[in-house]
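The exercises below ask you to read a structure element by element, and each task is followed by a solution in steps. Please keep the sequence and the coordinates at hand while you work through them.

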Amino acid sequence: MKGEYGSLRSQLRGYLFEKVIMEMLRKNNFIEVDVLNEPADRVRELRRGFVEFKGRGCWHQIDCPCDYGKDIPFLYPIRLLGEVKFYKSPLEKKHIREFIGVIKDIQENYFVTAGAVRQDFSSRKMEIGVYFSANGFQEEAEKLAYAHGIKTISYENNYLLNKIKQLIAELERNYLSIKCIRNDIWNEFWDEFEEAIRNGNYEHNQRRHFYWNEGYRQVLEEIRQSLMRIRSSFIATTATGVFLHFVSDYDFPEDLFRQTDEGLCRVYYNHDNYGKRYFWLEINGDDLRRRFYFTPPQSLDEEAVYGRERVLDEKGRVFRVLKVNITLSGIVRNLTLRLDDDWLNDTRNRRFE
């Protein structure tokens with residue numbers, strides 16, 4: 001709540017956003033790492049929600065550690081090591097630089113003891129570093145991440161996620177004290193928050209109730225409802241190698257892909273009540289014209305300032321091919337969406353009429 005240490009408040013806001021990201025990852029076949037079934041010399045959890053992995057040099061705490069629930073031929077099981085930040089401004093390259101060192105240290109901590117046989121080797125994972133930022137990245141930070149294989153996911157101006165971000169900021173600012181971070185309280189608070197936004201359970205321990213301010217339940221319920229409103233969520237890769245997280249308050253139109261893995265799409269943008277741009281994708285043939293909101297690559301967002309020919313050219317460059325990983329009817333599908341060139345050309349011609 002107001003009047004408390006600013007740095008700790010920012011830290012608390014990040015913790016809350018971590019749980020939201022984890023809830024969305026669960027919808028994409030990612031499963032939280034089960035610490036109890038991991039080698040104790042490689043993975044530990046000394047505090048609830050603070051999972052640490054052993055590197056060659058030291059232990060590293062990972063915000064969103066989870067395993068991908070599906071296997072891919074010739075790859076070790078994929079383990080996502082997610083870093084989550086909810087800063088008020090885009091992340092700088094110093095944040096990426098630190099994360100590069102963490103991922104590298106964890107990835108290199110595999111050894112084979114002399115005399116060991118193959119069946120005694122510890123289970124190896126393919127650790128993938130992903131950085132989730134509530135308010136984007138500076139250009140130099142994204143370049144550094146790309147050069148070192150770190151994936152970046154921005155939620156700077158995602159129409160559906162903006163509401164959740166506002167609610168988290170409101171909860172942190174007006175209804176929650178940093179006293180919940182105390183070591184003797186944290187485990188209980190973390191379980192309470194998870195139960196509230198996942199299952200709508202607000203039966204909190206009244207003895208510990210001092211870190212909540214009156215009226216907090218309504219905000220927690222709004223966060224839960226906002227998460228429930230997200231009916232579809234999937235990760236896609238653009239032709240330019242940018243990773244995007246698409247979310248919608250509608251189900252994915254899987255009927256359009258019952259007999260094919262390819263389709264056409266269109267990309268639009270508009271302005272909200274505050275004058276901020278937001279982008280969405282629509283899939284050709286969908287009578288409902290369902291919108292899948294995403295945060296665009298910085299280049300597309302910048303060209304939208306100028307509009308006209310420049311933004312159309314950038315749409316064509318970025319969305320020439322979009323690779324989509326999504327589960328439909330319980331089956332993991334790898335779809336290919338291509339920007340509708342006829343639509344793009346018609347739009348371009350209408351602008352010059």
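## Exercise 1: A covered strand

Task: State which residues of β6 point one way and which point the other way, and say whether they are buried or exposed.

Solution. In this predicted model, I78, L80, G82 and V84 point one way from β6, whereas R79, L81, E83 and K85 point the other way, and all of them are buried. Burial here means a relative accessible area under 20%, and by that criterion 8 of the 8 residues of β6 are buried, so that the strand counts as mostly covered.

## Exercise 2: The sheet around the strand

Task: Determine in which order the 5 strands of the open sheet are arranged, and which of them stand at the edges.

Solution. Start with the partners of β6. On one hand, β5 and β6 pair in the antiparallel sense over 4 bridges, with D67 standing opposite R79 of β6. On the other hand, 8 bridges join β6 to β7, and these two strands run parallel; within this pairing V84 stands opposite F132 of β7.

Next, follow β5 (residues 64–68) to its antiparallel partner β1, to which it is joined by 3 bridges, and where F30 stands opposite Y68 of β5. Putting the strands together gives the order β1-β5-β6-β7-β8, an open sheet with mixed pairing. Because β1 (30–32) and β8 (151–154) each have a single partner strand, they stand at the edges, and one side of each is left without a neighbour in the sheet. From one strand to the next, the twist averages 30 degrees.

Finally, add the helix: α2 (residues 93–107) packs on the sheet and touches β6 (78–85) and β7 (126–133), its direction making about 160 degrees with that of β7.

## Exercise 3: A hairpin

Task: Describe how β2 and β3 pair, and find which residue of their hairpin takes a positive phi.

Solution. Strands β2 (residues 43–47) and β3 (residues 50–54) pair in the antiparallel sense over 4 bridges, and R44 stands opposite E52 of β3. The hairpin has 2 residues between the strands, and G49 takes a positive phi near 85 degrees.

## Exercise 4: The nonpolar cores

Task: Identify the residues with the most contacts inside the largest nonpolar core, and the helix that contributes the largest share of this core.

Solution. The largest nonpolar core has 83 residues, and those with the most contacts inside it are L171, F189, F246, L281 and F319. Helix α1 (residues 6–26) supplies the largest share, 9 residues. Taking L171 as an example, and leaving aside residues up to four places away in sequence, its contacts are L16, L176, F193, W212, Y216, V219, L220 and I223. A second, separate core of 19 residues includes V35, L81, A141 and A145.

## Exercise 5: Enclosed and open space

Task: Report how many cavities of 30 Å³ or more a search of the whole structure finds, and which elements give two or more residues to the lining of the largest pocket.

Solution. The search finds 4 such cavities, and about 50 Å³ of space lies in the largest, which is lined by E38, P39, R42, V43, R79, Y110, S123, K125 and E127. The largest pocket has a volume of about 810 Å³; of its 32 lining residues, E142, T152, V242, P297 and Q298 are the closest to its centre. The elements giving two or more residues to this lining are α3 (139–147), β8, β10 (243–248) and α7 (298–306), and α3 gives the most, with 5 residues.

Note on methods. Residues numbered from 1 in each chain as written. Predicted model: local features only at pLDDT ≥ 70, side-chain atom pairs only at ≥ 80, totals over all residues. Heavy atoms only, no water. Core = buried A, V, L, I, M, F, W, Y, C linked by side-chain atoms within 4.5 Å. Buried < 20%, exposed > 50% of the residue type's maximum accessible area, 1.4 Å probe, protein only. Contact = heavy atoms within 4.5 Å. Pairing = 2+ DSSP bridges. Axes fitted to C-alpha atoms, helices over the stretch in contact; angles between N-to-C directions. 1 Å grid on protein atoms, 1.4 Å probe; cavity = no way out; pocket = protein on both sides within 12 Å on 5 of 7 lines; lining within 4 Å. Points joined across faces, edges and corners; volume = space filled by probe spheres on them.
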